[in-house]
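Hi,

Here is the structure I said I'd pass on. Have a look at it first, and my notes follow underneath.

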Amino acid sequence: MKRCKKCITPDTVPNIKFDSNGICSLCSSYTHIKEKGEENLKEIILETKKLKNRNKIYDAVVPVSGGRDSTFVLYYSVKKLKLKVLAVSFDNDFVNEQARKNIENSCRILKTDFMVLKSRFKLPFFITKNLIKATSSTGPFGIINNMCSACAFGQKAAVYKVASQKKIPLILWGNSSNEATVERLVDVSSYYRQQYKEFFKNPKNKFFNKNLIIANILFFLFKLEFYVPGNSLKSKIFKLKEKNIKEISFFDYVEWNREEIKNTIIAELGWQKDKSHISTWRNDCKIHPVMNWAFYKLYGCTKDAFGYCNMINDNQMDRRTALYQEEEMIKNIDEKTIDVMKNILGLDEKTIMTIKNNNKKI
C-alpha cells in the first residue's frame, strides 16, 4: 500500500491521485478557511442580546456531546465570553458513559445549567438498527450512508426545539468549516454512491423492504417527538425557522487549535477520553468504530484518516501521530466491530455476515 507522503491517505482510496512528490490530491486541494475572528463573534452576541422577547436568563445554547470540541466551546463561552449558557445534550442511545461524565463534570465546574433530551422510546436505536438491516446487502456503504442519520437529525432537532421554546437567541455549534470532510469525500465515494442508488432502483428494495418500512415509520414518530415549529413532517431534516435565533459554527470565528483545546479541557474541566478510543477525537459515540470499519473496508483507511488529512494540512497534527493512531484503530478491527454490531447495535449474525460478504473490494 502506498500512502501520501504528507498525510496518511492510501492509494486504495478511489479517484485519489499522487503527484511526482508523492503528495495526494486531497492535500494538494486543501485550503484553510480563514476564521472570521472573535470580534465578529462578539458583535453577533451583542446583537442577539439586544433582541426583544428573548430569554432573560440565557444568552446562548451550547450543544454538548461530551466530546472534545463541544466541551471546549462550553468552556470558552462561559469563561472567555462570559455568556449565560444553557448546555443541551441529545442522548442518541449510543452515548458512552465517559461522555456523560464529561458533560456532568464540565457543567458542574462551570456552574452551567444543562438539559439532556432523549427519545422516550429509544427511536434512534431502532431507526439505526432497521436502516442498517434494510441496506445490509449494499455492504459497508449502507452503514456509511445510514448509521448517523437518526442521531444527526435528533441532535439538531433537540437543540432547535429547546432554543425555540425558551427563546434563547444564539446557538453555538462546536464544528468548523476547516474540519469538514463531507465535501472532500464527494469524488472518492462516487462509485459507491452510484451502486447504492442502483440498489433502490429495484422496487423490491425500495417499496417492499420490511426493515426500511419500519425505519421510515419510526422516523416519522421521531419527527413528531422532536418537532420543531415551522417544519414539514415530510422534510428529511428540520431547519431552524425562528428568525430571532442565530446559529453559528463557533470555530468559524475562533481558531480551532487541537492542542490548546485538549490541554484546556483536561486541565480546567477534568475532561477524559473514553478508554476504548485511541484518539481524543469523536470520543462520545459507542458505535463510531463501526463507521471506521466501513470506511476501512471500502477505502483502505478509516473515516478518521480523512480528518487527519485536514489536521495535518492545517499544522494541527503531525503525520507520525496520525499514522500511529490509524494503525492502532485498524488492529483487530473486524473482531472489535463485530462485537459492537452484536452487543450495541443488536444486529443478528445473518445481517452481519450479509454486510461483510457484500464488501466491494477496492
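Let me start with Arg258, which is buried, as its relative accessibility is 8%. Its salt-bridge partner is Glu259, with 3.3 Å between the closest N and O atoms. Glu259 has a relative accessible area of 35%, so this residue is partly exposed. Before you read too much into any of this, keep in mind that the model is predicted.

There are 16 salt bridges in the structure, and two others caught my eye. Arg100 and Asp91 pair up through their side chains, at 2.9 Å from N to O. Asp91 sits at 8% relative accessibility and therefore counts as buried, while Arg100, at 27%, counts as partly exposed. That pair also belongs to something wider: a network of salt bridges links Asp91, Asp93, Glu97, Arg100 and Lys118.

The other one is within a helix. Glu38 and Lys42 are both in H2 (residues 38–49), four residues apart, or about one turn of the helix. Their salt bridge has its closest N and O atoms 3.0 Å apart. Are these two buried or exposed? Neither, quite: Lys42 is partly exposed with a relative accessible area of 36%, and Glu38 is partly exposed as well, at 25% relative accessibility.

Now for the pockets. The second largest one has a volume of about 380 Å³. It is lined by 21 residues, and those closest to its centre are Ser276, His277, Ile278, Pro289 and Lys336. Two elements give two or more residues to that lining, namely helix H12 (288–299) and helix H15 (333–343). Which of them gives the most? That would be H15, with five residues. If you are thinking about the chemistry of the lining, it splits into eight nonpolar, eight polar and five charged residues.

Last, the surface. Ile213, Ile217, Phe220, Leu221 and Leu224 make up a nonpolar patch there, and together they have about 440 Å² of accessible area. Phe220 is part of helix H10, which covers residues 210–225. With 39% relative accessibility, Phe220 counts as partly exposed, because that value falls between the 20% and 50% cut-offs.

That's my list for now. Shout if you'd like to go through any of it together.

Cheers

Definitions and conventions:
Residues are numbered from 1 along each chain as its sequence is written. This is a predicted model: local features need pLDDT of at least 70, side-chain atom pairs count only at pLDDT 80 or more; totals for chains, interfaces and linings use all residues. Side-chain values use heavy atoms; hydrogens and water are left out. Patches are made of residues with over 30% relative accessible area and no salt bridge: like charges are joined within 9 Å, nonpolar side chains (Val, Leu, Ile, Met, Phe, Trp, Tyr) within 5 Å. Accessible areas come from the Shrake-Rupley method with a 1.4 Å probe; for residues, only the protein chains shown count as cover. A salt bridge is a side-chain nitrogen of Lys or Arg within 4 Å of a carboxyl oxygen of Asp or Glu. Buried means under 20% relative accessible area, exposed over 50%, partly exposed in between (1.4 Å probe, protein chains only). On a 1 Å grid over the protein atoms alone, a cavity is a set of points where a 1.4 Å probe fits but cannot get out, and a pocket is an open set with protein on both sides within 12 Å along at least five of seven lines; lining residues have an atom within 4 Å of a point. Grid points are joined across faces, edges and corners, and a volume is the space filled by probe spheres set on the points. Ala, Val, Leu, Ile, Met, Phe, Trp, Tyr, Cys and Pro count as nonpolar, Asp, Glu, Lys and Arg as charged, and the others, Gly among them, as polar.
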